[in-house]
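Dear colleague,

I am passing on the structure we spoke about, and below it I have set out what was found when going through it. Please keep in mind throughout that this is a predicted model.

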Amino acid sequence: MRAFVSVSRLVLLGCALAASLVAVVARAEQPGLPAVISVGGSGLDAARVRAAIEHELGVALVLAPNAEERLEIAMTGRRANVTYYAPDREPVTRSVDLPRDSERALQTVAFLAGNLARDEAAELLKQLAPATTAEPEEVAPPPPLPPPAVPVTTTPPQAPPTKPAPPKRAPGPALIEPKRFAGNVSLYYPLTGLEHTEQRRLNLELGLVYSRVGAIRGAGGTFGYFRSDGPVEGLSVGLFWNRSGPVRGMQFSSLVNEGYGELRGLSVAGVVDARDGDSRGVQGAFVVSSTHLAFGIQGAGIVAVARDVVGVQGGGVLAVAGSVRGGQLGLVSVAGPTQGLQLGLVNVAGPVKGLQLGLVNVATGDVDGGAIGLISIAKNGRLQPSVWYSGPDVNLMVGVKSVVGYTYSELAIGDDPSHDRPSHQETLGLHLELRHRLYAELGGGYRETHQSSGPFTDSNQSLVRSEVRYEARVGFEPIHGVTAFAGGGVTQRVKGQGPTARGTYFFGLSFL
């Protein structure tokens with residue numbers, strides 16, 4: 001009898017192992033949902049993002065960037081953009097700002113991706129549903145009673161609902177598609193040649209005052225206000241106002257471009273170009289342009305605003321971005337984390353990996369690179385009052401030196417008391433930290449010397465000498481906050497008296 005029970009247990013155990021093996025093989029052969037995940041500078045882990053989305057959908061993700069039908073998750077800074085691509089359909093994008101807490105950010109991304117995938121790929125998810133079956137636990141040694149022949153499976157905590165699958169399209173009525181060619185003429189919507197143009201995808205739309213269409217695959221234009229509720233593939237023009245959905249092509253207006261969804265191409269407006277979505281290509285306006293992610297070139301005559309820039313952003317007066325990878329230009333340039341070049345009269349950025357070039361540079365974090373300007377301030381920089389003696393003219397100089405990364409700049413005034421000749425000079429150059437509290441610098445600048453009767457003017461009566469300076473110096477910090485330095489160089493006269501070229505020397509102290 002005991003032998004019979006033992007044999008029964010072995011048989012049952014073999015059945016359980018076979019069932020487990022079949023389930024594992026079936027899961028390995030079951031295709032998953034094609035996906036692309038890019039975490040950018042969000043600070044999230046790609047593997048955890050993938051796991052969270054798989055848990056939300058109840059299906060496996062297969063990383064397939066070239067799949068025609070795929071779910072794409074791209075994070076730029078603290079913003080997540082989720083797009084679903086499918087053959088013969090327009091991409092659908094959802095965007096959301098991420099919480100600073102990592103766990104909440106993961107939940108937000110998973111929830112957004114899950115909702116979009118269920119809306120756009122219900123049939124595909126339904127086919128992949130068997131992949132949600134939980135894998136059986138590793139079979140433990142037989143308990144006193146025979147185990148069940150088939151492992152018990154549990155339903156994932158957030159499995160898709162069992163209600164009927166939603167339609168593949170985003171919520172809203174389906175567009176009336178042209179069989180061959182669909183053209184329309186509008187006076188003032190709804191006074192149109194075709195009925196219900198707001199529900200149609202047209203190949204050509206010509207309007208006088210106000211046109212409204214469902215989508216454009218071709219060209220659409222109005223002398224007054226043009227509106228496309230859906231995507232534009234080709235060209236849309238509104239002489240005074242142009243409101244379009246996602247654009248693959250070109251969008252123009254003499255006054256205002258208003259965009260929703262992604263731009264892939266060119267968008268230009270005379271006054272304002274504002275897009276509630278990403279811009280991949282060129283976006284510009286003579287006054288103000290704004291977008292989420294500027295991937296390419298964004299410019300404006302006065303103000304350019306983007307949450308993130310990957311490329312070049314330029315504002316005639318002000319350029320503002322959440323983060324920059326590339327270049328940012330403006331009279332005043334303001335950004336968060338920056339990798340590349342920031343150029344303006346005043347530059348303000350978060351941590352900088354690259355170069356700031358302007359009259360005043362401010363980095364709210366560390367600078368890995370340099371900052372060139374009259375005044376440069378950084379978290380890992382130094383702003384040092386300095387005093388030194390300069391020859392061959394007898395000059396006592398007082399100035400302020402900015403040291404940031406591999407660069408330095410210096411502003412100074414001085415006086416030659418024997419001849420009553422005040423002077424001013426500006427210097428910038430390269431800074432290199434050496435061992436044992438030593439540094440070396442190589443730079444150049446400009447200097448003017450005047451008579452006291454007219455200091456700091458360009459008057460020929462007061463100007464004694466103006467010259468271009470080239471110098472090298474070394475410094476040593478024997479105690480923290482006090483640095484002794486000495487150096488020399490040559491000068492080239494531009495105006496005034498004295499030899500065309502001459503040698504110079506100097507020595508002094510810097511503090512802080």
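Helix α3, which covers residues 102-120, has 19 residues and reaches 27 Å from its first C-alpha to its last, close to the 27 Å expected at 1.5 Å a residue. At the start of this helix, a side-chain oxygen of D101 comes to within 3.3 Å of the backbone nitrogen of E103. The buried residues of α3 are A105, L106, V109, A110, L112, A113, G114, L116, A117, R118 and E120, and what covers them includes α2 (46-57), β3 (70-76), β4 (79-85), β5 (92-97) and α4 (122-128).

Three of those covering elements, β3, β4 and β5, are also strands of an open sheet of five, which has the order β2-β1-β3-β4-β5 and mixed pairing. Because β2 (61-63) and β5 stand at the edges with a single partner strand each, one side of each is left without a neighbour in the sheet. On average, and ignoring direction, neighbouring strands of this sheet are turned by 25° against each other. Helix α2 packs on the sheet, where it touches β1 (33-38), β2 and β3, and its direction makes about 145° with that of β2. Within the sheet, β4 and β5 run antiparallel and are joined by six bridges; A80, for example, has V96 in β5 as its bridge partner.

The largest nonpolar core has 31 residues, and those with the most contacts inside it are L33, V49, I53, L71, I73, M75 and V109. At least two residues of this core come from each of β1, α2, β3, β4, α3 and α4, with α3 giving the most, namely eight residues. If you would like one residue to look at on screen, V49 may serve: leaving aside its neighbours within four places in sequence, V49 is in contact with I37, V39, L44, M75, L106 and V109. Apart from this core lies another, of eight residues, among them V213, F226, V232 and L263.

Further along the chain, eight strands close into a barrel with antiparallel pairing, in the order β26-β27-β28-β29-β30-β31-β32-β33. Neighbouring strands of the barrel are turned by 25° against each other on average, direction ignored. Strand β28 (residues 407-416) is mostly covered, in that seven of its ten residues are buried. On one side, β28 pairs in the antiparallel sense with β27 (residues 395-404) over nine bridges, and V398 stands opposite I413 in β28. The hairpin of β27 and β28 has two residues between the strands, and G405 takes a positive phi near 60° there.

Strand β28 also pairs in the antiparallel sense with β29 (residues 421-433), over ten bridges, and here T407 stands opposite L430 in β29. These two strands likewise form a hairpin, with four residues between them, and D420 in the turn has a positive phi of about 55°. The antiparallel pairing goes on from β29 to β30 (residues 438-450) over eleven bridges, where H424 has E448 in β30 as its bridge partner.

Some backbone details deserve a check when you open the file. The peptide bond from Y189 to P190 is cis, with omega near 15°, and P190 lies in the loop between β6 (183-188) and β7 (191-192). The peptide bond from G391 to P392 is cis as well, with omega near 15°, and P392 is found in the loop between β26 (382-391) and β27. Although H196 is not a glycine, it has a positive phi of about 50°; H196 is found in the loop between β7 and β8 (201-213) and, at 46% relative accessibility, counts as partly exposed. L512, which is not a glycine either, has a positive phi of about 75°; L512 is in the segment after β33 (501-511) and is exposed, with a relative accessible area of 59%.

For the chain as a whole, the secondary structure comes to four helices and 33 strands, and 41% of the 512 residues count as buried. Among contacts with a separation of 6 or more, 31% are accounted for by residues 24 or more positions apart.

With best wishes

Key: Residues numbered from 1 in each chain as written. Predicted model: local features only at pLDDT ≥ 70, side-chain atom pairs only at ≥ 80, totals over all residues. Heavy atoms only, no water. Expected span 1.5 Å × (residues − 1). Buried < 20%, exposed > 50% of the residue type's maximum accessible area, 1.4 Å probe, protein only. Contact = heavy atoms within 4.5 Å. Polar contact = N/O pair within 3.5 Å; in protein donor to acceptor, adjacent residues only side chain to side chain. Pairing = 2+ DSSP bridges. Axes fitted to C-alpha atoms, helices over the stretch in contact; angles between N-to-C directions. Core = buried A, V, L, I, M, F, W, Y, C linked by side-chain atoms within 4.5 Å.
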